[in-house]
Amino acid sequence: DYMGGGFGSKFPSDKWGAVAAQLSKASGGRPVKLFLDRAIDQQIADMERIVQATRQRMIESFTAMETAQARINQQLQYLLRTFAQTT
């Protein structure tokens, strides 16, 4: 049970690409075809979705931390100005 049409695949370079490169090198640089069965193809797709979701959550968390840090800096500047005016 194989899937065809790897052209335009959205998968990043991974161990499959490295294996294909090694096979090509071993064969004198000739092109090689690498077939992944449907189960492996689906596992790769699932992992990629998990990675993308995790990356998005990290970006959102980082943005929230930057926003909180900016507010803290504003409050600190206000307190410093207030303290400077009272002394």
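Colleague: How many helices and how many strands are there in the chain?

Modeller: This is a predicted model, and what follows should be read with that in mind. Where the chain has regular secondary structure, that structure is helical, since the count of strands is 0 and the count of helices is 2.

Colleague: What distance does helix H2 reach from its first C-alpha to its last?

Modeller: Helix H2 covers residues 38-86 and has 49 residues. At 1.5 Å a residue, a span of 72 Å is expected for H2, and the span found in the model is close to that, at 72 Å.

Colleague: And what distance does helix H1 reach, again from its first C-alpha to its last?

Modeller: Helix H1 runs over residues 15-26 and so has 12 residues, for which 1.5 Å a residue leads to an expected span of 16 Å, because the expected span is 1.5 Å times one less than the number of residues. The span of H1 in the model is close to this expectation, at 16 Å.

Colleague: Which residue just after H1 takes a positive phi?

Modeller: Following the chain to the place just after H1, one comes to a residue whose phi is about 80°, a positive value. That residue is Gly-28.

Colleague: Is Ser-24 buried or exposed?

Modeller: Ser-24 lies in helix H1, and, leaving aside residues up to four places away in sequence, it touches Gly-29, Arg-30 and Val-32. Its relative accessible area is 17%, and because the cut-off for burial is under 20%, Ser-24 counts as buried.

Colleague: Which residues of H2 are buried, and against which helix do they pack?

Modeller: In the chain of 87 residues, buried residues make up 8%. Those of H2 are Asp-41, Ile-44 and Ala-45, and the helix that the buried residues of H2 pack against is H1.

Colleague: Which side chains meet in the salt bridge?

Modeller: Side chains of opposite charge can pair when their charged atoms come close. The structure holds 1 salt bridge, with a distance of 2.3 Å from N to O, and its two partners both lie in helix H2, 3 residues apart, which is about one turn of the helix. One partner is partly exposed at 49% relative accessibility, the other is partly exposed at 33%, and the two are, in that order, Arg-49 and Asp-46.

Colleague: Which residues make the nonpolar surface patch of about 280 Å²?

Modeller: The chain exposes about 7700 Å², of which carbon and sulfur atoms supply 61%. One member of the patch, Leu-34, lies in the loop between H1 and H2 and is partly exposed, with a relative accessible area of 38%. The full membership of the patch is Val-19, Leu-23, Val-32 and Leu-34.

Methods: Residues numbered from 1 in each chain as written. Predicted model: local features only at pLDDT ≥ 70, side-chain atom pairs only at ≥ 80, totals over all residues. Heavy atoms only, no water. Salt bridge = Lys/Arg side-chain N within 4 Å of Asp/Glu carboxyl O. Helix = DSSP H or I, 4+ residues; strand = E, 2+ residues; numbered from the N terminus. Buried < 20%, exposed > 50% of the residue type's maximum accessible area, 1.4 Å probe, protein only. Patch = residues over 30% accessible without salt bridge, like charges linked within 9 Å, V, L, I, M, F, W, Y side chains within 5 Å. Areas by Shrake-Rupley, 256 points an atom, 1.4 Å probe, with all protein chains shown as cover. Contact = heavy atoms within 4.5 Å.
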